[in-house]
Amino acid sequence: MLAVIYILSTCIIGAYCDCPYGFTAHGDSCYLIVGLNSTWIEAKKYCDVMGGDLAVVESSEEEIYLVNLLKQIDATGRIFPENYWLDGTDVVKEGEFRWMGKNGNSIPISGYTNWAPGQPDNAAVHENCLEIRYSFNILWNDLDCNTRQNFICEASNEWNGDTIIG
Ligand SMILES: [Ca+2]
Ligand SMILES: [Ca+2]
Ligand SMILES: [Ca+2]
């Protein structure tokens, strides 16, 4: 609990609390909804370049926030209401979905999930990447990783620009 208070207080003070350029802060994280038609791995690289990673949705609170964000963007018409890659995949071992993270630090998707009814179904035996799918009532689905679509990046709100080289 002390650690949580510390993180919150540093954010309130603002000393080490910031989002990468273009991201929106919410709780401990920052988010960027990206309307580029990208494969899952292209999306993951894009998020990395922007200072984050593909989004890891760990709670209903986080998902409700994101879905509201998607609906707001939908209302602007700036991004066609398509589908959005998240960080999950079972490409390494079929049926074992993991949040891939970075540097080999993947973890099994356990606890909170929000799969659409009947998903993941590994349709046509090659659906290995996790998306939020509009036509499935904005719930999770596994899809062919090579499909080009929108995606959601997430970064820590303690991000700073110290890693900029040159
Ligand atoms: Ca998250
Ligand atoms: Ca699969
Ligand atoms: Ca599927």
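In this predicted model, L54 stands opposite C153 in β9. The residue L54 belongs to a short strand, β3 (residues 53-54), which runs antiparallel to β9 and is joined to it by two bridges. C153 also has a partner in another strand, for L32 stands opposite C153 in β9. The pairing of β2 with β9 is antiparallel and comprises seven bridges. A third partner, β4, pairs with β9 in the parallel sense over two bridges, and here W85 stands opposite F151. Seven of the eight residues of β9 are buried, so this strand is largely enclosed by the rest of the structure.

These strands may be placed in the overall fold. The protein contains three helices and nine strands, and their order along the sequence is α-β-β-α-β-α-β-β-β-β-β-β. Of its 166 residues, 32% count as buried. Among contacts between residues at least 6 apart in sequence, 62% join residues at least 24 apart.

The largest nonpolar core consists of 32 residues, and those with the most contacts inside it are Y31, L54, W85, L86, I152 and C153. At least two residues of this core come from each of β2 (29-38), α2 (40-49), α3 (60-76), β4 (83-89), β7 (129-133), β8 (139-143) and β9 (149-156). L54 and C153, the opposed pair of β3 and β9, are thus both among the residues with the most contacts inside the core. W85 offers a view of the surroundings: once its neighbours within four places in sequence are left aside, W85 is in contact with W40, A43, L54, C129, E131, Q149 and F151.

The helix α3 has 17 residues and reaches 24 Å from its first C-alpha to its last, close to the 24 Å expected at 1.5 Å a residue. Its buried residues are E63, L66 and L70. Seen down the axis of α3, these buried residues fall within an arc of 65°, so they line one face of the helix. What covers them includes β2, β4 and β9. The face of α3 turned away from the buried side carries the exposed residues E61, I64, N68, K71, Q72, A75 and T76. After the helix comes G77, whose phi is positive, near 75°.

Attention may now turn to the loop between α1 (2-13) and β1 (24-26), in which G22 lies. G22 has 13 other C-beta atoms within 10 Å and is therefore partly exposed. Apart from neighbours within four places in sequence, G22 is in contact with L32 and M50. Although G22 and M50 are 28 residues apart in sequence, their C-alpha atoms are 8.7 Å apart in space. The other contact, L32, leads back to β9, where C153 stands opposite it.

A final consideration is the confidence of the prediction. The mean pLDDT of the protein is 88, and 85% of its residues reach 70 or more. Over residues 1-11, however, the pLDDT is below 50, and this stretch has six contacts in the model beyond near neighbours in sequence. Where pLDDT is low, the predicted coordinates should not be read in detail.

Methods:
Residues numbered from 1 in each chain as written. Chains lettered and ligands numbered in written order. Predicted model: local features only at pLDDT ≥ 70, side-chain atom pairs only at ≥ 80, totals over all residues. Core = buried A, V, L, I, M, F, W, Y, C linked by C-beta atoms within 7 Å. Buried ≥ 20, exposed ≤ 12 C-beta atoms within 10 Å, placed from the backbone. Helix = DSSP H or I, 4+ residues; strand = E, 2+ residues; numbered from the N terminus. Contact = placed C-beta atoms within 7 Å. pLDDT = per-residue confidence, 0-100. Expected span 1.5 Å × (residues − 1). Arc of directions from axis to C-beta. Pairing = 2+ DSSP bridges.
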